[in-house]
Amino acid sequence: MTYRLFSWELSYFSGKVRAYLRYKERMGALPGGFEDILATQELQTGLLLPATGSVAVPQVQASDGTWVQDSSEIIDFIESRHNAISVVPNAAEAPRQALASYLVELLADEWMVVPGFWERWHYSLHDVEPNHFDYNAMQWGSVGAAGAPGKDRLAAGAFIFEEIFGISEARTNPRGTYAALVQLGCTEETEQAWWASMENLLGLFDAHFGAHDFLLGGLPSLGDFGLFGPLYAHLYRDATSGFMLRTQHPIVTEWVERTNGDNVSARTYDQRLYSLSEDGELVGRPATSDGGQWLTGDEVPDTLEAIIAVFFEEMWPMLKSTMEKTAAFISSDAHEPGGELPGKTFSADLPWYEHQSGEGALTHDFEIGGIQARRMVTPCQIWMLQRLATVLDDVMASETGRVSVTAWLDQFPKGSELLGLNDRLADCRVRKEGARLFSLR
Ligand SMILES: N[C@@H](CCC(=O)N[C@@H](CS)C(=O)NCC(=O)O)C(=O)O
């Protein structure tokens with residue numbers, strides 16, 4: 001079985017899936033491998049859209065013709081077919097580690113996306129210093145005008161920013177990516193608070209990756225690939241944040257390179273680490289922390305718990321409101337039973353534009369850094385929460401799992417509320433078909 005990955009190098013969620021597929025392939029767990037294909041507009045509209053109902057990247061096509069859209073669903077799909085070198089801890093044997101993996105993935109996908117998205121577009125504004133407009137235009141032009149000479153690719157990117165994203169009037173009349181930032185609750189009032197949230201997390205990553213090469217020890221897992229979304233194509237590759245990351249967070253920078261499968265002085269796939277035996281022979285030894293394995297005994301280190309505490313403190317209140325607001329919308333006159341719901345992460349989905357912007361029925365209050373603000377409700381978070389609820393069911397299925405996870409969640413303020421997730425989801429469950437979301441009732 002081989003796979004085609006349709007992706008962009010500049011894309012948050014493409015980086016997550018590419019690093020995951022590279023890891024599986026290099027560990028020998030993906031026979032047949034995968035082909036990484038630039039998702040040009042021609043392929044997006046001619047192939048991806050008819051197959052799944054969305055042009056979003058990444059998308060994967062298996063050699064039997066099956067299409068999968070959404071980074072999390074792609075990982076679930078590949079894991080179900082290639083279970084060697086699993087990236088998800090077994091819920092029965094390591095219930096805390098399993099839950100921790102999904103919680104970090106959710107935080108990375110749907111919360112860190114806001115400051116990750118902001119830094120790219122803020123430091124592209126004409127009057128902001130330092131500035132990476134040209135870098136960003138080049139990477140967008142290289143998708144929009146793939147195959148054209150460099151100067152034309154750069155010009156194509158600048159054209160997209162002006163004509164489609166209206167970058168010159170981003171503050172006064174936000175369009176494109178700038179309108180999307182407002183829909184995500186990232187405005188001049190909140191942007192510094194969002195960035196402070198990211199900086200706090202970077203400090204927590206320094207502490208964790210200073211002791212362990214990956215979230216769960218000496219091998220990567222689902223949470224690492226989740227974090228790769230914000231930390232690779234955005235914070236590491238974008239020029240302004242990339243300079244900051246390299247100069248202020250070398251430990252996180254090395255984790256990015258390691259998780260991407262780059263050679264980092266033998267700490268990952270392609271270079272070996274040897275010692276010399278007494279008689280001068282080369283003797284191999286693990287190059288990564290923790291003996292090159294996940295931590296045993298279902299250990300979740302304190303430094304990882306500190307990251308999960310951010311999930312409960314900052315993101316969980318919004319997720320509770322997402323479930324309530326989606327349930328109210330589904331039962332309102334604005335929605336037909338079983339009808340479609342918006343599916344996008346980064347911006348309001350066009351057919352629901354009025355509902356997801358301003359004070360629309362699919363907007364809600366949230367808090368960041370003590371500031372009250374408003375943002376769109378994102379039903380794809382419901383789909384992510386349903387996935388989490390399944391893991392929770394698995395870990396709670398045994399008496400030992402139940403005791404262990406209940407005690408573990410108790411340490412986080414409001415952590416025990418997660419145990420009622422199925423009840424909270426009861427009136428807002430969704431069904432995913434290709435890329436499209438529908439209510440269940
Ligand atoms: N939840 C989806 C989000 C995918 C997504 O938003 N992809 C972005 C690029 S990182 C995109 O294609 N946006 C353009 C669009 O949705 O039209 C996932 O995890 O794959």
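**Around the ligand and across the sheet**

In this predicted model, helix H1 and helix H3 (71-81) each supply at least two residues of the shell around the ligand. Helices here are DSSP runs (H or I, at least four residues), and strands are runs too (E, at least two), numbered from the N terminus. Residues are counted from 1 along each chain as its sequence is written. Since it's a predicted model, local features need pLDDT of at least 70 and side-chain atom pairs need 80 or more, while totals for chains, interfaces and linings use all residues.

**Exercise 1.** Find out which helix gives the most to the shell around the ligand.

*Solution.* Start with the whole shell: 16 residues surround the ligand (C-beta atom, placed from the backbone, within 6 Å of it). Next, pick out the closest, which are Ser11, Tyr12, Phe13, Ala56 and Ser71. Now look at the helices: H1 comes out on top, giving three residues.

**Exercise 2.** Work out the strand order of the open sheet, and explain why S2 and S4 each have one side without a neighbour.

*Solution.* Lay out the four strands and you get S2-S1-S3-S4, with mixed pairing (at least two DSSP bridges between two strands). Then check the ends: S2 (34-38) and S4 (67-69) are edge strands with a single partner strand each, so one side of each has no neighbour in the sheet.

**Exercise 3.** Describe how S1 and S3 pair, and name the bridge partner of Tyr3.

*Solution.* First locate the strands: S1 spans residues 3-7 and S3 spans residues 59-62. They pair in the antiparallel sense, over four bridges. Finally, look across from Tyr3 into S3, and you'll land on Ala62 as the bridge partner.
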